[in-house]
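Reader: Could you walk me through the labels used for this one? I'd like to see the reasoning behind them.

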Amino acid sequence: MKYCLLFVAALFVLGSCEKVEVPVSKAQMLRDNRWKVSDMKMTYLTSTGGDSLSESTIKLPPDFKLPDCIVDDYLQFRENHDGSHIPGPDKCKTGESEDIYFEWGLTENDTKIYLYGMESLFGRDIDGDVVEITDSKFTFSYFATKMNSANEPEKVKMTAYFVKK
């Protein structure tokens with residue numbers, strides 16, 4: 001009788017368990033996919049006094065497209081903050097490597113992203129803000145300085161959009 005009660009109790013415990021879904025982290029979403037650039041946006045930031053800035057987004061012509069040497073590239077995020085920028089068949093410069101190493105990470109509760117060694121794609125290292133990370137797209141923005149038509153430095157916010165390859 002004692003074993004019968006133990007068996008019934010075990011069946012009750014096993015039968016009442018539900019599988020708990022553990023949400024996938026943003027870092028894991030990045031690692032689970034290959035990412036290709038789908039768009040870039042530049043927003044001009046104009047000082048409105050003090051530390052205030054107003055935004056003015058560049059309106060690109062409808063037929064604008066990123067260069068083929070960028071569109072065919074993709075990023076692969078791996079464990080231990082390692083990543084690869086894989087250029088496609090159309091190279092942006094002669095002798096471009098087949099696998100360009102970079103370091104990456106998410107910080108401040110996954111609201112910030114760093115990409116070090118990204119000169120090949122962005123012309124600089126990136127310390128930016130995460131706009132969105134899902135299992136099919138991710139977007140981040142970062143501040144940069146661009147020379148305007150009067151050859152004066154101007155602060156801009158760049159936004160990079162990626163989709164799953």
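Author: Sure. Accessible areas here come from the Shrake-Rupley method with a 1.4 Å probe. This is a predicted model, and the accessible surface of its protein chain comes to about 10,900 Å². Carbon and sulfur atoms account for 55% of that surface.

Reader: Why is Thr159 called buried?

Author: Buried means under 20% relative accessible area. Thr159 has 5%, so it counts as buried. Thr159 is found in strand E9, residues 153-164. Leaving aside neighbours within four places in sequence, Thr159 is in contact with Asp39, Met40, Lys41, Thr139, Phe140 and Ser141.

Reader: What makes Pro67 partly exposed?

Author: The label covers what falls between under 20% and over 50%. Pro67 has 44% relative accessibility, so partly exposed is the label that fits. Pro67 lies in the loop between strand E2 (53-57) and helix H3 (68-71). The C-alpha atoms of Pro67 and Cys92 are separated by 8.6 Å, with the two residues 25 apart along the chain.

Reader: And how much of the protein chain is buried?

Author: Buried residues make up 32% of its 165 residues.

Reader: Which helices and strands does the chain have, and in what order?

Author: There are four helices and nine strands. Along the sequence the pattern reads α-α-β-β-α-β-β-β-β-α-β-β-β.

Reader: What share of the contacts between residues at least 6 apart in sequence join residues at least 24 apart?

Author: That share is 43% in the protein chain.

How values were computed:
Residues are numbered from 1 along each chain as its sequence is written. This is a predicted model: local features need pLDDT of at least 70, side-chain atom pairs count only at pLDDT 80 or more; totals for chains, interfaces and linings use all residues. Side-chain values use heavy atoms; hydrogens and water are left out. Helices (H or I, at least four residues) and strands (E, at least two) are DSSP runs, numbered from the N terminus. Buried means under 20% relative accessible area, exposed over 50%, partly exposed in between (1.4 Å probe, protein chains only). Contact means heavy atoms within 4.5 Å.
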